[in-house]
Protein chains: 2
Amino acid sequence: MRKGEETRTRILDVAEAAVLQKGFGGTSIEELIAETGITKSGFFYHFRDKNELAKALLNRYIENDERIYDEIFSRARDLTDDPLQSFLLGLKLLSELLSDLPNGHPGCIVATVCYYERLFDREIQETNRNAVLAWRRRFGRMLRDIVEVYPLREPVDVDQLADMVSSVLEGGIVLSKTLKEPNTLAEQVLMLRTFVKMLFLPVVVMPRG
Amino acid sequence: MRKGEETRTRILDVAEAAVLQKGFGGTSIEELIAETGITKSGFFYHFRDKNELAKALLNRYIENDERIYDEIFSRARDLTDDPLQSFLLGLKLLSELLSDLPNGHPGCIVATVCYYERLFDREIQETNRNAVLAWRRRFGRMLRDIVEVYPLREPVDVDQLADMVSSVLEGGIVLSKTLKEPNTLAEQVLMLRTFVKMLFLPVVVMPRG
DNA sequence: TGAAAACTGTACCGCCGGTACAGGAGGGGA
DNA sequence: TCCCCTCCTGTACCGGCGGTACAGTTTTCA
């Protein structure tokens with residue numbers, strides 16, 4: 001009931017931090033129970049095995065991720081009716097949120113799962129795949145709303161452009177973590193924002209003379 | 001001598017494929033020696049421990065990576081003297097090379113190391129950091145050559161733009177692997193190419209009337 | 001207050017990373 | 001020819017870890 005959920009959440013919190021620093025293969029159940037202050041039996045009461053822990057971890061991460069994007073972009077839509085302006089504002093808000101993270105972005109569970117694929121079952125791989133497809137749909141939807149109003153200045157595929165948001169985020173996380181430069185990720189999001197802006201906004205032509 | 005190097009290379013080949021599919025923590029030495037057809041003692045003759053295997057793996061990957069970029073962009077420079085055109089051509093060649101990979105990109109060791117950081121020593125982390133910084137310098141150098149000739153149409157930081165090449169590659173690999181869509185990575189590189197093109201090339205203004 | 005939920009404790013298995021060390025095959029130089 | 005060095009093999013062992021099994025205990029809430 002209530003208490004069980006709390007313990008489960010605590011295990012997931014500890015596991016998430018560990019997995020993002022050491023991957024699934026590098027994270028031992030023994031260390032998780034040591035840090036959580038629970039016994040081995042207690043752990044296996046909540047999760048049948050490591051695979052089920054991973055499943056719960058991934059699902060929770062995806063849900064949280066979706067919630068954050070929902071919040072950011074609905075806030076952006078509240079501030080302007082223009083689809084382009086609200087998308088650009090959303091990217092700005094996202095970059096601010098990322099640069100406000102005290103120790104930089106801790107890492108993405110989707111990427112961690114991606115680099116551990118072979119040891120997970122089909123269900124986890126499908127969940128991961130669907131998470132990325134959901135990103136594509138989310139950003140694709142917003143971009144299609146823009147395309148209806150603004151002409152594209154270069155012939156680009158909208159889904160590929162939507163994927164670029166995910167690419168830059170995933171890649172930016174890897175760069176930020178590897179370089180130990182927390183701000184790199186936020187900067188990359190702003191670079192992407194510049195790209196979107198250029199793709200849709202008319203160029204200001206200075207009058208001659 | 002000759003024989004030793006050959007065995008060492010075989011171990012590294014097997015290890016690289018395994019690590020890219022399962023991460024370092026998920027790859028066991030036992031499975032490596034089974035697939036290589038060597039004994040455990042033989043393995044530890046070549047590598048003192050897993051950390052040293054990782055070191056060799058990472059260094060070899062980085063060297064190979066650098067070699068590929070050297071080839072591609074020097075080939076691009078051979079075909080045109082214009083720094084922008086050669087950079088754009090290089091990105092085109094890179095995307096073609098990536099889409100020609102039969103099973104898609106197998107993954108990046110730099111990213112794998114990034115998501116296993118805490119279990120490696122400082123030396124490996126520094127090597128990894130330097131690899132990313134080398135990418136920044138490489139693409140930054142090329143972009144600075146462009147900036148000398150072409151005006152930037154938006155005020156962007158050249159190093160951040162250089163980082164975007166790495167971001168899109170790393171992120172594109174994650175997307176491609178997760179989606180099991182080998183072509184996504186190549187498409188992302190071409191999207192980036194469009195961005196660079198827009199940033200530097202003058203917009204064609206159609207005459208009115 | 002009583003049943004279900006949420007654990008603890010103990011004992012055990014097999015795999016894995018790693019250590020230690022002895023020994024052997026094979027080639028190349030003195 | 002002999003010896004030494006490289007490149008391994010074989011054997012034995014250790015402790016940690018993932019996982020199983022199951023009996024017993026405490027906590028929670030209806």
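1. Let me start with helix H5 of chain A, residues 83–99, in what is a predicted model. H5(A) has 17 residues, and its first and last C-alpha atoms are 24 Å apart, close to the 24 Å expected at 1.5 Å a residue. A good part of this helix is worth a look for its burial: A:Pro83, A:Leu84, A:Ser86, A:Phe87, A:Leu88, A:Leu89, A:Gly90, A:Leu91, A:Leu94, A:Ser95 and A:Leu98 are its buried residues. What do they pack against? The buried residues of H5(A) pack against H4 (50–79), H7 and H9 of chain A.

2. One of those partners, H9(A), deserves its own point. With 18 residues at 1.5 Å each, H9(A) should span 26 Å, and its end C-alpha atoms are indeed 26 Å apart, so the two values agree. H9(A) is also mostly covered, with 14 of its 18 residues buried. H9 (183–200) of chain A is, besides, among the elements that give two or more residues to the side of chain A that touches chain B.

3. Stepping back to the whole chain: how many helices and strands does chain A have? The secondary structure comes to nine helices and zero strands, and the pattern along the sequence reads α-α-α-α-α-α-α-α-α. Along the principal axes, the C-alpha atoms of chain A fill a box of roughly 80 × 35 × 30 Å. Of the 209 residues in chain A, 42% are buried. If you count contacts in chain A between residues at least 6 apart in sequence, 63% of them join residues at least 24 apart.

4. On the nonpolar core, the largest one holds 116 residues. Those touching the most other members are A:Leu57, A:Val189 and A:Leu192, together with B:Leu57, B:Val189 and B:Leu192. As general background, nonpolar side chains in soluble globular proteins tend to be buried together. Which residues does A:Leu57 contact once its neighbours within four places in sequence are left aside? They are A:Leu12, A:Ala15, A:Glu16, A:Val19 and A:Ile109.

5. Now the pairing of the two chains. Chain A can be laid on chain B with an RMSD of 0.0 Å, using a turn of 180° and a shift of 0.0 Å along the axis. The two copies are therefore related as by a two-fold rotation axis. The same surface serves both copies, since 100% of the contact residues of chain A recur in chain B.

6. The contact itself joins 47 residues of chain A to 47 residues of chain B. Which elements of chain A give two or more residues to this side? They are H1 (2–22), H6 (109–114), H7 (122–149), H8 (158–179) and H9 (183–200) of chain A. The largest share, 16 residues, comes from H8(A). By residue type, the side of chain A that touches chain B divides into 21 nonpolar, 16 polar and ten charged.

7. Two record annotations are handy for orientation, both from an unreviewed UniProt entry. UniProt lists residues 5–65 of chain A for "domain: HTH tetR-type". Over residues 5–65, chain A is 80% helix and 0% strand, and the end C-alpha atoms are 20 Å apart. The UniProt annotation "DNA-binding region" covers residues 28–47 of chain A. That span is 75% helix and 0% strand, with its end C-alpha atoms 14 Å apart.

8. A small point on the N-terminal part of chain B: B:Thr9 is found in helix H1 (residues 2–22) of chain B. Is B:Thr9 buried or exposed? B:Thr9 counts as exposed, because it has 12 C-beta neighbours inside 10 Å, and the cut-off for exposed is 12 or fewer. From B:Thr9 to B:Gly25 is 16 residues in sequence and 21 Å in space, C-alpha to C-alpha.

9. Finally, a backbone detail that you may want to inspect. Most residues other than glycine have a negative phi. A:Lys180, however, has a phi near 60°, a positive value in a residue other than glycine. Where is A:Lys180 found? A:Lys180 is in the loop between H8 and H9 of chain A, and it is exposed, with 12 other C-beta atoms within 10 Å. In chain B, the phi of B:Lys180 is likewise positive and near 60°. B:Lys180 lies in the loop between H8 (158–179) and H9 (183–200) of chain B, and it is exposed, with 12 other C-beta atoms within 10 Å.

Key
Residues numbered from 1 in each chain as written. Chains lettered and ligands numbered in written order. Predicted model: local features only at pLDDT ≥ 70, side-chain atom pairs only at ≥ 80, totals over all residues. Least-squares fit on C-alpha atoms with pLDDT ≥ 70 in both. Contact = placed C-beta atoms within 7 Å. Helix = DSSP H or I, 4+ residues; strand = E, 2+ residues; numbered from the N terminus. Nonpolar A, V, L, I, M, F, W, Y, C, P; charged D, E, K, R; others polar. Buried ≥ 20, exposed ≤ 12 C-beta atoms within 10 Å, placed from the backbone. Expected span 1.5 Å × (residues − 1). UniProt positions renumbered as here; feature names shortened; annotations may be inferred. Core = buried A, V, L, I, M, F, W, Y, C linked by C-beta atoms within 7 Å.
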